[in-house]
Amino acid sequence: MAFRKVVKGTVLIGGGAIATVFGLSQFSQYRNKHGNFMYVQAAEPVNIPMKNHFPTREDQFLALQNTSEFDVLVIGGGATGCGCALDAVTRGLKTALVERDDFSSGTSSRSTKLIHGGVRYLQKAIMRLDFEQYRMVKEALHERANLLEIAPHLSGPLPIMLPVYKWWQLPYYWVGIKLYDLVAGSQCLKSSYVLSKSRALELFPMLRKDRLVGAIVYYDGQHNDARMNLAIALTAARYGAATANYTEVVHLLKKTDPKSGKECVCGARCKDVLTGQEFDVKAKCVINATGPFTDSVRKMDDQEVSNICQPSAGVHIVMPGYYSPDNMGLLDPATSDGRVIFFLPWEKMTVAGTTDTPTEVTHHPIPTEEDINFILTEVRNYLSCDVEVRRGDVLAAWSGIRPLVTDPSSKDTQSISRNHVVAVSDSGLVTIAGGKWTTYRSMAQDTIDAAIQAHNLKAGPCKTVGLFLQGAKDWSPTLYIRLVQDYGLESEVAQHLASTYGDKAFEVAKIAQVTGKRWPIVGKRLVSEFPYIEAEVMYGVKEYACTAVDMISRRTRLAFLNVQAADEALPRIIDIMGKELHWSEQKKKEELESAKKFLYYEMGYKAKVGQLTDSSEITLIPSDIDRYKKRFHMFDKEKKGFITILDVQSVLESISIQIDENTLHEILNEVDLNKNGQVELDEFLQLMSAIQKGYVSGSRLAVLMKTAEENLRERVVIPVDRSGGGL
């Protein structure tokens with residue numbers, strides 16, 4: 001039996017290899033004939049004039065309220081919803097879009113940040129001879145190429161390494177990856193290749209080397225998902241779509257069709273979430289593009305309708321950039337429970353994920369400690385033992401809800417395809433469900449095609465293939481140099497602005513404040529270790545940011561990169577937004593509280609803080625306890641059993657280190673578990689124990705006290721008789 005399996009596997013691999021070699025030879029001929037990789041043929045040019053600037057939120061609300069009837073009303077401001085709005089408006093349809101929260105506030109900002117065809121879906125297509133899966137991969141690879149072309153400032157190709165630890169896996173994975181290239185055809189980003197063990201370790205030195213045979217590197221795309229979603233929304237607005245965030249659909253409007261006598265959906269009753277004002281938006285066609293909330297909108301149309309979506313939660317974590325090379329990702333194709341884990345460089349940090357578990361639909365998904373530890377365990381399996389993977393190095397964590405299309409009775413979300421479904425109800429509600437980020441444009445095209453057919457709308461063909469998104473038209477890889485030269489921005493800040501706003505980076509640079517330093521001339525950072533500047537907050541308000549959460553999570557990505565840094569930046573962000581939006585002091589307090597709550601629950605701050613509690617166990621050996629007690633007593637000279645800000649200031653002044661009082665408050669507050677304004681000896685020992693176990697990292701108090709101890713020990717007291725005496 002075992003021998004038969006081996007023979008069968010060998011035949012499959014050998015046959016696949018032969019087929020692949022033949023296919024690749026044909027592919028090579030095709031490539032030589034047709035030229036460069038990744039070619040996307042643009043659709044017909046858009047005849048609608050594009051506004052120089054996007055309208056204000058107030059203008060958008062006036063358009064929603066004063067337009068007698070739209071052709072299309074889209075519910076949902078995620079990637080698919082905004083894609084539908086852009087597709088519709090560029091076909092000449094009078095278009096509106098409403099979103100209950102912020103653009104990209106849900107799943108679209110909580111992805112793996114990949115633009116990909118889906119290697120694992122291709123594997124399923126081949127193993128199961130599933131043509132539908134193959135077609136989905138083919139479509140996704142076309143959309144990948146298109147997205148990289150229409151928003152090059154927000155996206156780019158990323159090499160991903162697949163390490164191989166068994167000799168027989170090398171030809172198996174090589175065949176699969178080469179087929180992935182083959183399916184992409186002329187839109188292949190770059191050809192995949194095989195690496196020896198030594199070369200693999202040279203490119204990914206953090207990789208576990210024992211039993212490593214070699215590696216295969218293939219290419220997929222990567223992007224800034226929330227900013228990409230926003231770019232789609234802003235582009236639609238500039239073409240004339242009335243788009244409004246924080247606008248909730250209270251219920252659908254219906255009227256009786258005089259010909260058929262049936263009730264038809266004809267719009268929606270909407271509410272401005274920020275003011276409470278309600279108004280009707282009439283439309284010939286209403287599109288439901290609400291992702292995980294698809295079924296709740298469908299039930300507004302028909303309470304008896306059965307569910308078509310099964311939500312699945314995917315958790316990701318962010319770790320320091322030193323966990324991965326700057327430009328090389330890692331794929332674990334078979335985790336301990338059969339899932340796939342990506343380990344990718346992103347925004348100079350490292351993103352690891354994702355999990356895949358059934359979940360309930362919620363507006364505020366929370367990453368669990370169980371999921372975070374699962375990802376850390378899988379990461380440890382692939383990294384060198386020299387790299388200590390610590391729980392304390394998790395800088396942020398989030399959970400996103402995937403809107404998977406399934407039979408309501410199915411419970412196994414891992415076997416579900418990410419295909420999309422377009423459905424038109426008896427009353428005319430058009431629903432788009434399922435799919436994935438990469439295929440948002442084709443999903444939107446299918447949806448608008450269905451809407452046009454179902455409602456007899458007069459519109460031209462789809463024009464979004466090759467259509468540049470906001471900021472892409474005049475962007476170039478060297479644009480940041482002009483920002484440095486023309487405005488005196490730091491190089492890192494200029495690169496960040498260029499890759500975030502594209503050719504609109506100059507608009508941000510123009511409003512950047514003078515620093516008062518010799519260099520940089522303009523551009524005050526919100527936090528020292530990230531290139532986000534205060535001018536981005538002012539510009540973010542123009543981009544329809546209405547809350548502090550919008551700013552830290554979707555206009556900037558601080559909350560997704562480092563929750564503590566985002567927390568530190570909040571007061572300044574709220575001050576700037578308060579001036580721009582005329583907030584009262586009470587409103588500022590509410591925004592601060594709401595943003596801190598978001599960081600605490602939804603971005604993993606709770607899980608991070610929970611690693612050090614007043615019940616944390618002290619597991620230090622006696623010699624370590626003695627050593628840390630001595631360090632503590634260097635600050636607690638009066639043997640009070642606790643240290644305060646005054647104690648720390650006194651020691652720091654003695655070694656000529658100056659830290660302002662507010663910063664010291666923050667540093668002690670991180671360790672002050674019972675929040676009584678002082679750090680007791682037990683709290684300090686709990687901190688050091690948590691650091692040793694890897695639960696906590698980057699504790700400023702621990703580093704500060706260690707530095708002070710070393711400085712004090714290095715000081716040599718010169719006796720008076722050796723100094724030459726004196727009078």
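**Close-up 1. Arg 110 and the residues around its side chain.** In this predicted model, Arg 110 touches a scattered set of residues beyond its neighbours within four places in sequence: Ser 105, Asp 225, His 316, Pro 365, Trp 398, Ser 399, Gly 400, Phe 560, Phe 598 and Glu 602. Two of these partners also show up as polar ones. The Arg 110 side chain comes to 3.4 Å from the backbone oxygen of Ser 399, and it makes a side-chain to side-chain polar contact of 2.9 Å with Glu 602. Arg 110 itself sits in a loop, the one linking β2 (95-98) to β3 (114-115). Is this arginine buried or exposed? With a relative accessibility of 5%, Arg 110 is buried, since the cut-off for that label is under 20%.

**Close-up 2. The buried side of helix α4.** Which residues of α4 (residues 119-127) are buried? They are Tyr 121, Leu 122, Lys 124 and Ala 125, a lysine among them. Because these four span an arc of only 160° around the axis, they lie on the same side of α4. The general rule behind this kind of pattern is that an α-helix has 3.6 residues a turn, so residues three or four places apart point the same way. Among the elements covering the buried residues of α4 are α5 (131-150) and α6 (169-184). Have a look just past the helix too: Leu 129 follows α4 and has a positive phi, near 50°.

**Close-up 3. Two cis peptide bonds.** One of them joins Trp 519 to Pro 520, with omega about -5°. Pro 520 belongs to the loop that runs between α14 (505-510) and α15 (534-542). The other cis bond goes from Gly 353 to Thr 354, and here omega is near 25°. Gly 353 is the last residue of β14 (349-353), while Thr 354 is in the loop between that strand and β15 (357-358).

**Close-up 4. Lys 348, a non-glycine with positive phi.** Lys 348 has phi at about 65° even though it isn't a glycine. You'll find Lys 348 in the loop between β13 (341-346) and β14. Lys 348 is exposed, with 62% relative accessible area.

**Close-up 5. Asn 456, another non-glycine with positive phi.** For Asn 456, phi is positive at about 55°, again without the residue being a glycine. Where is Asn 456 found? Asn 456 is in the loop between α11 (440-455) and α12 (479-487). Its relative accessible area is 67%, which makes Asn 456 exposed.

Methods:
Residues numbered from 1 in each chain as written. Predicted model: local features only at pLDDT ≥ 70, side-chain atom pairs only at ≥ 80, totals over all residues. Heavy atoms only, no water. Helix = DSSP H or I, 4+ residues; strand = E, 2+ residues; numbered from the N terminus. Buried < 20%, exposed > 50% of the residue type's maximum accessible area, 1.4 Å probe, protein only. Polar contact = N/O pair within 3.5 Å; in protein donor to acceptor, adjacent residues only side chain to side chain. Contact = heavy atoms within 4.5 Å. Arc of directions from axis to C-beta.
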